[in-house]
Amino acid sequence: MIRVLLVDDQPLIRSAFRALLDLEDDIEVVAEAGDGSEGVELAREHLPDVALVDIQMPVVDGIEATRRIAADPALAGVHVVILTNYGLDEYVFDALRAGAAGFLVKDVVPEDFLHAVRVAARGDALLAPSITRKLINQYVTQPLPPGTATGRGLEELTGREREAVVLVAQGLSNDEIAGRLVISPLTAKTHVNRAMAKLRARDRAQLVVVAYESGLVAPRGS
């Protein structure tokens, strides 16, 4: 069962998402919060698999809430998905840097919304190839957080791990990486996780940035 926490200051939005999620046999909404501070408290209380967090909220916004969740070792299993009205903007980049697994625009169609929750629960980032390209165009020019490895860290990767990083940078999920490399999804996930650990990338979004900044992958048109 996928356990979901809803964090949004608009009750109507929360009700709409809960109505969709409650129809699914494999998803359970464990709690709702109206601001980021309450959301962090409920995350610690319920330990959800996925926290759907709005960016702009009173008291504590979604970016700070994401940062607090990502910084808490007890919440390492909580995957934050940012909810936004605006698509790809500076707030989304800040949220990814803070530790979000990805983002959703609030007008997403129900099928894509439910798919995204399941993808996030598996630990995959919500970065489709088209979104990855936009992400890189703006995000890769910003400095990485302190302690994140760049070129030298790539020397520690095995050949398979390097291949996995390249495919992550192209926006592929673990299942898609498994198909491309003709390995099991579990093995693909292991390669990605080991690469993240060696490169000291907190999440797949940072792994994408490392891949481009190190020169392992070149942006299109370069």
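Lys106 is buried, and Asp54 is buried too. In this predicted model, the side chains of these residues form a salt bridge, with the closest N and O atoms 3.2 Å apart. Lys106 also meets Asp8 in a salt bridge, at 2.9 Å from N to O. Around these pairs, the protein has ten helices and five strands, and 50% of its 222 residues count as buried. Here is a tour, starting with the charged pairs and moving on to the cores, a helix crossing and two backbone details.

**Lys106 and its partners**

- Lys106 sits in the loop between strand 5 and helix 5, while Asp54 belongs to strand 3; the pair links distant parts of the chain, 52 residues apart.
- The bridge from Lys106 to Asp8 also links distant parts of the chain, with the two positions 98 residues apart; Asp8 is in the loop between strand 1 and helix 1 (11-22), and the loop that holds Lys106 runs between strand 5 (102-105) and helix 5 (110-122).
- Lys106 has a relative accessible area of 12%, so it counts as buried, the cut-off being under 20%.
- Asp8 has a relative accessible area of 1%, so by that cut-off it is buried as well.

**Other salt bridges**

- The count of salt bridges comes to twelve.
- Arg14, Arg18, Asp22 and Glu32 are linked in a network of salt bridges.
- In helix 7, the side chains of Glu163 and Arg160 meet in a salt bridge, at 3.1 Å from N to O.
- Because Glu163 and Arg160 are three residues apart in helix 7, about one helical turn separates them.
- Glu163 is partly exposed, with a relative accessible area of 36%, and Arg160 is partly exposed at 34%.

**The nonpolar cores**

- The largest nonpolar core has 26 residues, and those with the most contacts inside it are Leu5, Val53, Ile69, Val80 and Ile82.
- Two or more residues of this core come from each of strand 1 (2-7), strand 2 (27-33), helix 2 (36-46), strand 3 (50-54), helix 3 (62-71), strand 4 (79-84) and helix 4 (90-98).
- Ile69 is in contact with Val40, Ala43, Leu75, Val78 and Val80, leaving aside neighbours within four places in sequence.
- A second, separate core has 23 residues, including Leu181, Val192, Val208 and Tyr212.
- In soluble globular proteins, nonpolar side chains tend to be buried together.

**A closer look at Val40**

- Val40 lies in helix 2 and, at 2% relative accessibility, counts as buried.
- Which residues does Val40 contact, leaving aside its neighbours within four places in sequence? They are Ala65, Arg68 and Ile69.
- Val40 and Leu5 are 35 residues apart in sequence, and their C-alpha atoms are 9.9 Å apart in space.
- Across the protein, 68% of the contacts between residues at least 6 apart in sequence join residues at least 24 apart.

**Where helix 7 crosses helix 9**

- The axes of helix 7 (residues 159-169) and helix 9 (residues 185-199) come within 9 Å and cross at roughly 95°.
- This angle falls in the 65 to 115 degree range, so helix 7 is roughly perpendicular to helix 9.
- Helix 7 makes the contact through Arg160, Glu161, Ala164, Val165 and Val168, and helix 9 through His191, Val192, Arg194, Ala195 and Lys198.
- The residues of this contact divide into five nonpolar, one polar and four charged.
- Two of these residues appear elsewhere in this briefing: Arg160 is in the salt bridge with Glu163, and Val192 is in the second core.

**Positive phi in two loops**

- Most residues other than glycine have a negative phi.
- Leu47 has a positive phi of about 50° although it is not a glycine.
- Leu47 is placed in the loop between helix 2 and strand 3, and is partly exposed, with a relative accessible area of 44%.
- Val59 is not a glycine either, and has a positive phi of about 70°.
- Is Val59, in the loop between strand 3 and helix 3, buried or exposed? At 70% relative accessibility, Val59 counts as exposed.

Key. Residues numbered from 1 in each chain as written. Predicted model: local features only at pLDDT ≥ 70, side-chain atom pairs only at ≥ 80, totals over all residues. Heavy atoms only, no water. Axes fitted to C-alpha atoms, helices over the stretch in contact; angles between N-to-C directions. Helix = DSSP H or I, 4+ residues; strand = E, 2+ residues; numbered from the N terminus. Parallel < 35°, antiparallel > 145°, perpendicular 65-115°, else oblique. Contact = heavy atoms within 4.5 Å. Nonpolar A, V, L, I, M, F, W, Y, C, P; charged D, E, K, R; others polar. Core = buried A, V, L, I, M, F, W, Y, C linked by side-chain atoms within 4.5 Å. Buried < 20%, exposed > 50% of the residue type's maximum accessible area, 1.4 Å probe, protein only. Salt bridge = Lys/Arg side-chain N within 4 Å of Asp/Glu carboxyl O.
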